[in-house]
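Here is a short tour of a model for you to follow with the structure open beside the text. We start inside the fold and work outwards to a turn and a pair of cysteines.

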Amino acid sequence: MEKVTLNVQGMSCDHCVKAVKGSVGTLNGVSSVEVNLKANTVEVEFNNQEVTLDKIKETIDDQGYDVV
């Protein structure tokens, strides 16, 4: 398992948290997703044999948020 903390811009409310957790959490290989609105971070624990970091970033981007 690998754990990464991503800086994500554009999240501001509970809807944003649900959108990110819901989309990233459904990816095969992702075991946990934690969103911190105040810090603008998303912490993801995942199996890099099943899903790539680029796919996780793309999924967040597809929800309308910017991974920086």
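I60 makes a good starting point: leaving out residues up to four places away in sequence, I60 touches L6, V8, V20, V24, V42, Y65 and V67. Please keep in mind throughout that this is a predicted model.

**The core**

I60 belongs to the largest nonpolar core, a set of 20 residues. Together with V24, V30, V42 and I56, I60 is among the residues with the most contacts inside this core. Contributions of at least two residues each come from β1 (2–9), α1 (14–25), β2, β3 and α2 (53–62). Of these, α1 gives the most, with five residues. In soluble globular proteins, nonpolar side chains tend to be buried together.

**The sheet and its helices**

Which order do the strands take in the sheet? The four strands form an open sheet in the order β2-β3-β1-β4, and their pairing is antiparallel. At the edges are β2 and β4 (66–67), each of which pairs on one side only. α2 packs on this sheet and touches β1, β2, β3 and β4, while its direction makes about 30 degrees with that of β1. The other helix named here, α1, lies across β2 and β3 and runs at about 165 degrees to β2.

**The β2–β3 hairpin**

Let us now look at β2 and β3 themselves. These two strands pair in the antiparallel sense over six bridges. Along the pair, V33 stands opposite V44 in β3, and N36 has T41 of β3 as its bridge partner. Four residues lie between the strands of this hairpin.

T41 lies in β3, which covers residues 41–46. Is T41 buried or exposed? Its relative accessibility is 15%, so T41 counts as buried. Setting aside neighbours within four places in sequence, T41 is in contact with T5, L6, N7, M11, E34, V35 and N36. N36 is therefore both a contact of T41 and its bridge partner, while L6 is touched by T41 and also by I60.

N40 sits in the loop between β2 (30–36) and β3. What is notable about the backbone of N40? Its phi is positive, about 55 degrees, although N40 is not a glycine. Most residues other than glycine have a negative phi, and most peptide bonds are trans. With a relative accessible area of 23%, N40 is partly exposed.

**Two cysteines**

How many disulfides does the model have? The count comes to zero. A disulfide is a covalent bond between the sulfur atoms of two cysteines. For C13, the nearest cysteine sulfur is that of C16, 3.6 Å away, and the cut-off for a disulfide is within 2.5 Å, so this pair is not counted as one. C16 likewise is in no disulfide, its nearest cysteine sulfur being that of C13.

The table sets out the accessibility of four residues discussed above.

| Residue | Relative accessibility | Class |
|---|---|---|
| C13 | 31% | partly exposed |
| C16 | 5% | buried |
| N40 | 23% | partly exposed |
| T41 | 15% | buried |

Of the two cysteines, C13 is thus partly exposed, whereas C16 counts as buried.

Notes
Residues numbered from 1 in each chain as written. Predicted model: local features only at pLDDT ≥ 70, side-chain atom pairs only at ≥ 80, totals over all residues. Heavy atoms only, no water. Buried < 20%, exposed > 50% of the residue type's maximum accessible area, 1.4 Å probe, protein only. Contact = heavy atoms within 4.5 Å. Core = buried A, V, L, I, M, F, W, Y, C linked by side-chain atoms within 4.5 Å. Pairing = 2+ DSSP bridges. Axes fitted to C-alpha atoms, helices over the stretch in contact; angles between N-to-C directions.
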